[in-house]
Structure formats: C-alpha cells, structure tokens
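Hi everyone, thanks for making time for this. I'd like to walk you through one structure, going from single residues out to the whole chain and back again.

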Amino acid sequence: MDDNADQQHLTAAPGYAQGQLAKAFTTALTHQDADTRRRAEGRVKRWRAVLAGMSGGLLTIGSRTPVTGFPAWVTPEVVHGGFATGAPGAGGPLQPYETRLADQFGVPADRRALFAHCLTDTGLTWLWGQLNSGRYEVTVPEEGALLTMAWLVRHGETAAALDLVAELAPFAGRLRFLPRPSSGRPAPDAGDALHRRSVAATVTTLARRRPNAAVETQREALAVWQPFGDELLAHWLETAGTEGGPVLELAPDADWLARGAALLDRYGLLAEQHTRCGKHRRPKENLAILRGALEETVAGRPLDPRRLGLLRHAVTSMVRRRGLPGSARHTGLRRAQRTQAALPSHHALAQVLVGRLAALPQESGIADLTPVLAPVSEREERDTGLPAGAELPPALRRVVERALSAPVSTLVERGVVPSAEVLAALVPQLVAVTTARSYDDEALRTLMAASYRAFRNRRSLLLLNLERQVRIEELPWVRAVSARRGDTTAEAALLLRQLGELAVRGFPGTILPNPLVRELGVLARQSELGAPLVEELAADIFMDAFGPKFLVAAGIAGELLGGSVYERYYGIDYAAVRELTIAEAGGSGRPEKGGSVAARTSPGFMRLCAERAASASSAPAGSSGVSRGFGVAANGKVIEQSQILTTHNLATLVHRVGIAPEPGWAEPARRAFGTVCRLTARVHHNARPYSTIKDAAYAWRQSVFHLSLCTPAEQRGVLADLGAEAARQPAHVAARLAPALAGLRLVVEGGAFDPDGTADGGRARRLLGWTTDGHWLAADPTAVGGKGS
C-alpha cells in the first residue's frame, strides 16, 4: 500500500462553498427578520469572495497559507468550515480609531502613513505611552506588532526592532499594526479567576430583554378581563329569581339598566387601554355573550330566543365552573389569580438587574453574586414600583451567573461551565496569563497576554496534507521577544494537570474537544513533559495518514494500559504497538521542518488502524485499508481506531501529566456511563441515529478507560452499579445496552471476544461507534422482531 499516494497538493473542492452560498442567498431573500436577512447578505458576500478566490487561483483552500501573497502569520478572515475569504482579518477599511489617530498625528488617513509615523520619535513616544498605561486593546494579533517594536527599541534591541519592521513593512498599507486606544483601565491580573461573560455583555443581554407577549396577555386577562367578567356575571345574576331561577326571570328596572350602561361605558375604556388579550371580543366566549346581551337589553331591544339561550348557558357554566361571585371557592380562586397577575415580569426584574450591574466595573466579571441576585429591596420598590422581596426567576439568574468571576473549577461545579466546549472557550484566559508570566517585564507581560488572547480568537483554517494550524510563536513580533521568556515549565505543568483533571472529572463522558486540546497542547510544550496531545480528525477530509505523535501517544497508552481491561476489551496488542514505536523512531518517525508529507506521517500507525477497522466489520477493505471504499463512515472507523489506541489523550494525561481526579476513577466511570444512557435514549425512534450512536460509543470508551484504572474490587462494584443504572432506564435503553454490558462483564471476568467482536452467540458485543454496514444499537430490541443485527 502506498501510504503517500494522492497526498501532495490536495486542495478543497468548491462544492461545500457553493452549497453555503446558496443557503445564505435563500435566507437573505426569504427570511422574515430584517436583521437575519442582513447577516445573510454578509455571508453571501463572503462566500462569493471564497468562490471567486478559488476559481481565480488567489485562494488555496486546505493550505496554512491560503491567500496568495500573505504569509502564514497574517490572520485570515475565515468563514464556516475553515474557508478563508481572501481578506485579512486586520485589513479592510480604516477603523474609526485609525482615522482619529491620523488626525491626532497630523498624517494622511492611510495605514502606511500611520505605520511610518510610528517609526519616528513622536510615534515611538506615543507607543511607549501606550505600553506604560496599558490603556489599549488588541482585537487581532497584528494590532500588537508596533507596540512590540516600540518595546524592543526602548530596551536597546534595535537590531531586532529593525528586523521586525522589515518583515511588517510590505504589509503596512493593508494591515493595521497599531493598537486600539482604550479609555478603560488595563485589566488586572485576576490570577485563576475567570468569567464567561463580562458585566457589560450581561447588561446588554438583560437590556435587550423584551416583555413576553404571551405572559403579558395572560397577566391582562387575569388582572382586567376576568374581574370585569365577574362584574357582568353578578349584574346578570340580579335578574334571577330568589330561588336561583333563570337569568331574566326578574324584569330589569331603571337602576339595573343604568348600572348596566355604566358597565358598558367602562368596557369601552378598558378595551381601548388593554389591547393584548382579544378573547373578550370572540362571539362564542362567555364574556362577549354577557356583554352583547347587556348591550341589547340596555338599548331596549328584547333578546331573541337564541341569544337568551346563550346568555343563560354562559351564566350557568360560569357559576358551575367557579362558584357564585363572593363565594369562598370563587373568592379563593380570584385571590390566587390576582397574586399571579401581580408577580413582577421578567422584563421589569431584568431592568432592576441592569441598574445593579451599572455600578460594577463593566469589563470584568462579578466576584460576588449575592448582592446582585438578592430579592427586590425596599429602595428598589420605591424606585420601580416592584414589590419588595420579589425573587429573581431562574432564567434571569442564569444570565447573571455567566458573569461570575471565580476559579474555573468553581464555575464547573456551579454549572456555569456546562460542557467541555465551554471550558475550551475559557481556558485561553488562563493559558494567556501563564504564557505572559514567563516575561519579566510588566509592560511586555501585559502586551503578550493581550496578544495571546487575540490570537486565540483566530478561527481555525481547513487544512489538508497534514498541515498544522499556525502557532503563536510564529508571529514575527512574538518571535522577536522570545528570548525574553523565562522558565515557566513548572507553572505550565501544574496548570496542565489541573485543567486535565477538571476536564476528566467534570465531563467524564466527553472526549476533549479540539479547541481544548490545542490549549492543553500549548501547556504541554511549555511544560516539556513529553505529552503528545492529539486532535479529533474530521472523517470527511481524512487523508489516510496520521502524524507521528499519534503513534507516540499510543505507545504511552500501552505503558499505562498493558494487560488492562481496556487492552483486552478492545483487543489491542500494546506490545506490538511498542515495537512499532521503536521501529519508526529509528526511521523517519519524527516530523522534519520543511520536510515532505512522508516525513510527517506514521505509515505503520495508519496500517494498524486500517487493519483494525477492517477486522471490525464484514465489509471489504478499500485500496488503503477501509478508508477509501466506503467514504466518510469508513474514514470514521479508521479514526475511531486511532482514538481507541491512543485513548484520545486520556492515557497521556494520566501517565505523563499525572492527573488523578478525586475521589478516584470509579466515579468518572459511573458518570460516563450515565452519558451513555442519555445518548442511547435519543436513539429511540431517531430517523438518523448514527451521530448519536457515535457519541454514545465515545462515552462508553471513556467509561471503559476509567474502569480499567480501578482496582479489581472496584471494577466489580462499578459493574454492578452500571447494571443497576441500566435497569433504571427505559426498557429500550436497557435492552440496547445489555450486549455492551455483557461484553464488558465478560472481559472483566477474564473472558474475551470472538474475532468478530461478539461472544456468547451475539449476546455480548464490543461497542464501537462508526460502522459501514448498520449498527446493532440502532435496532429496538423491545419491538416485535426487533433483534439487533
């Protein structure tokens, strides 16, 4: 098998971009919301730029330098799917701050003129003032470039500054290299405290909250129209006989008619002022029947038999349903409804929160939520009319809690960080602080932290040919001050261990998402622990190749898991993996700078994964294992085998980083199985179950890994707990998972699967996610004839 066939000069096809353009165009034409149409028009423009660049040869989608004429360090504008549009992220028309600076400096409103001015004494003095105050923002990494140049000049590193200017100068007219001046104070080093949203963003969310139309309609019905209907009902009951006879048994007198006319006048005013609820206008509603009959009677027109029958039916049904007005039953009901109608609206309470948050620093989080989430105070009652003591509803509390500033472990425990994906979005704040602390100069620390945060906002490119995303150390201005970095290996190792434990403990049934893997990878390089962390590869663009670090990670897994339940459950020969690792390490197993694709791959690991994927299915293999013959699903099978062999970073985190989540490995095994159960429940009556099955199998693999690190006695206890948990699930979930649990129990007790991954006549099965020939978990075993295939 030629492992390197078809691997050179591969680029993405335009089909995906064409589909996205058509989708955006349809939305721009047909969507009812104007803002949505406007955003879709922007997407149309960007996707047209992608297609024009691809057809004109200006874009090479799949390369880490997708835009002709721009080096890899230039931040590209990237749309969905990792497609570059051809526009630089730091390009486009002059920003308002650039125009203001040009006017302040007395130079033309032109980026090249601004760049040149910053190389003068006056410009350097301004940049030094920015460095000293810290009152600037870096929203794209390029905006920190000239500040770094100024820092180098101030510290006597003129040659490095000139080299940096020479590298930036060709792009001075197109990219903004100046920082954004900020009137706010520089953000303090909050240590390990993080927040998902700033106070300012929280205020914006709350201020946009509008009254809920359905709730306000119900409030109007309870507070206005039901009390008025009671008055109409009581008025008509005056015409009933003393023994509770039918309505209009007694002839209305002049006083009754006069009071009826007053009720009708008041109805007109109420209908004019309260327009949300239209139920009182519907002819078949009781209130409309009572009002219509009263209008006829007050006007002196006798009621025809049909209208009289409707009136008497309406009165009878209202009394039967709620009791007579003034009775204990009727009074209690109306009291409860008045209480409900008087509850403050979420919109009104949101405005109270806006007022409370206005007094806090806007660009940071909230260290103490207690005063912010307290009930309405007496002073607020005087200011707003809302009742003192009113509690904030959970929906509003959740909005505010996202601004909590606390250690990330606290945010996970309190549910503010509900998933590994949200955790991945927060971790760059910690990594930025750790990275910046390696610089001994305070101004440089602040600048590098801002540059790192901006760099992490850079969207990933779609990459082919095993190319990797640009790293921050490749930015020329970061590289120019690299010699100023101190030793932070111990601090990086500590943070890596803490974050690894948090991810495993907090989300034991979820594989590490790629953004989190990238951040942990930065810490792994800084810590020098020899901890290779591997990303989840996309099955739709898989290149039939793995980088050398996948084999290294599999070797680390073998060191930890040799002879374990995990090795036996998945049928792995970690001794053979070790031999393969040694063999490739002696050849071209390590990546070479500027080398070919062959130097950046592990052919042996690819063969091993392809062979294992082929043996897991009765389907024939394609030209390179199974990955060519069956498209995305076959690619997915190969990728899944790589994740099984490497444990997708779990073994590396345990064996090299040293994570050891409290209170041990039994609890993560149980919780990961809980995720398996939740996902399996979603398979039932699911027309497209395979994505869910894949995620369930990944969570199952996490559970098997955690179980393998338990003692034999703990393993038996966990197995019993898993069986009990499955028994508590709906019948179809328990039945679907029974073969998987039987297979795990078999292996724990010393047994093994047959070569096809089953045992005991198919009653025990190895649970994998990807398949090319139907999945046994998709069939409903509880249905008639619903035995899994």
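**A walk through the chain**

Let's start at a helix end: Ala-727 belongs to helix α31, which covers residues 712-727. Keep in mind throughout that this is a predicted model. Is Ala-727 buried or exposed? Its relative accessibility is 61%, so Ala-727 counts as exposed, the cut-off for that class being over 50%. If you'd like a distance to go with that, the C-alpha atoms of Ala-727 and Arg-682 are separated by 17 Å, and the two residues are 45 apart along the chain.

Now let me zoom out. The protein chain contains 32 helices and 8 strands. Taken along the principal axes, its C-alpha atoms fill a box of roughly 110 × 85 × 50 Å. There are 789 residues in the protein chain, and buried ones make up 48% of them. For those of you who like contact maps: among contacts with a separation of 6 or more, 72% are between residues 24 or more positions apart. The chain exposes about 36800 Å², and carbon and sulfur atoms supply 53% of that area.

On to charges. The protein chain carries 91 positive and 79 negative side chains, and the centres of these two sets lie 4 Å apart.

Where do positive charges gather on the surface? One positive patch is formed by Lys-23, Arg-39, Arg-43, Arg-46 and Arg-459. Which element gives the largest share of the positive patch? That is helix α2, residues 34-55, with 3 residues. Arg-39 sits in this helix α2. Why can Arg-39 be a patch member as far as accessibility goes? Its relative accessible area is 49%, and a patch residue needs over 30%, so Arg-39 passes that test. On the burial scale, Arg-39 is still called partly exposed.

Next, pairs of opposite charge. How many salt bridges does a search of the whole structure find? The count is 27. I've picked out a few of them.

The first one on my list joins the side chains of Arg-356 and Glu-380, at 2.8 Å from N to O. This pair links distant parts of the chain, with Arg-356 in helix α14 (residues 346-357), Glu-380 in helix α15 (residues 378-384), and their positions 24 residues apart. Are these two partners buried or exposed? Arg-356 has a relative accessible area of 16%, which is under the 20% cut-off, so Arg-356 is buried. Glu-380, at 8% relative accessibility, counts as buried too.

Another salt bridge pairs Glu-491 with Arg-437, where the closest N and O atoms are 2.8 Å apart. Here again distant parts of the chain are linked: Glu-491 is in helix α21 (residues 489-506), while Arg-437 is in the loop between α18 (420-436) and α19 (442-456), 54 residues apart. Glu-491 counts as partly exposed at 28% relative accessibility, and Arg-437 counts as partly exposed at 36%.

My third example is a pair of sequence neighbours, Lys-694 and Asp-695, whose closest N and O atoms are 3.2 Å apart in a salt bridge. Lys-694 is buried at 15% relative accessibility, whereas Asp-695 is partly exposed at 33%. There is also a network of salt bridges, which links Arg-64, Arg-468 and Glu-474.

Let me finish with some backbone geometry, since I know somebody will ask. Which peptide bond should you look at for a cis geometry? Go to the bond from Glu-662 to Pro-663, where omega is near 5 degrees. Pro-663 is in the loop between α28 (650-657) and α29 (666-681).

Then there are two residues to check for positive phi. Asp-544 is not a glycine, yet it has a positive phi of about 60 degrees. Asp-544 is placed in the loop between α22 (514-527) and α23 (548-561). With a relative accessible area of 7%, Asp-544 is buried.

Asn-649 is not a glycine either, and its phi is positive at about 85 degrees. Asn-649 is in the loop between α27 (631-646) and α28. Is Asn-649 buried or exposed? At 1% relative accessibility, Asn-649 counts as buried, so a loop position does not rule out burial here.

That's my tour. Thanks for listening, and I'm happy to go back to any of these spots on the screen.

Conventions:
Residues are numbered from 1 along each chain as its sequence is written. This is a predicted model: local features need pLDDT of at least 70, side-chain atom pairs count only at pLDDT 80 or more; totals for chains, interfaces and linings use all residues. Side-chain values use heavy atoms; hydrogens and water are left out. Patches are made of residues with over 30% relative accessible area and no salt bridge: like charges are joined within 9 Å, nonpolar side chains (Val, Leu, Ile, Met, Phe, Trp, Tyr) within 5 Å. Accessible areas come from the Shrake-Rupley method with a 1.4 Å probe; for residues, only the protein chains shown count as cover. A salt bridge is a side-chain nitrogen of Lys or Arg within 4 Å of a carboxyl oxygen of Asp or Glu. Lys and Arg count as positive and Asp and Glu as negative; His and the chain ends are not counted. The place of a charge is taken as NZ of Lys, CZ of Arg, CG of Asp or CD of Glu. Helices (H or I, at least four residues) and strands (E, at least two) are DSSP runs, numbered from the N terminus. Buried means under 20% relative accessible area, exposed over 50%, partly exposed in between (1.4 Å probe, protein chains only). Contact means heavy atoms within 4.5 Å.
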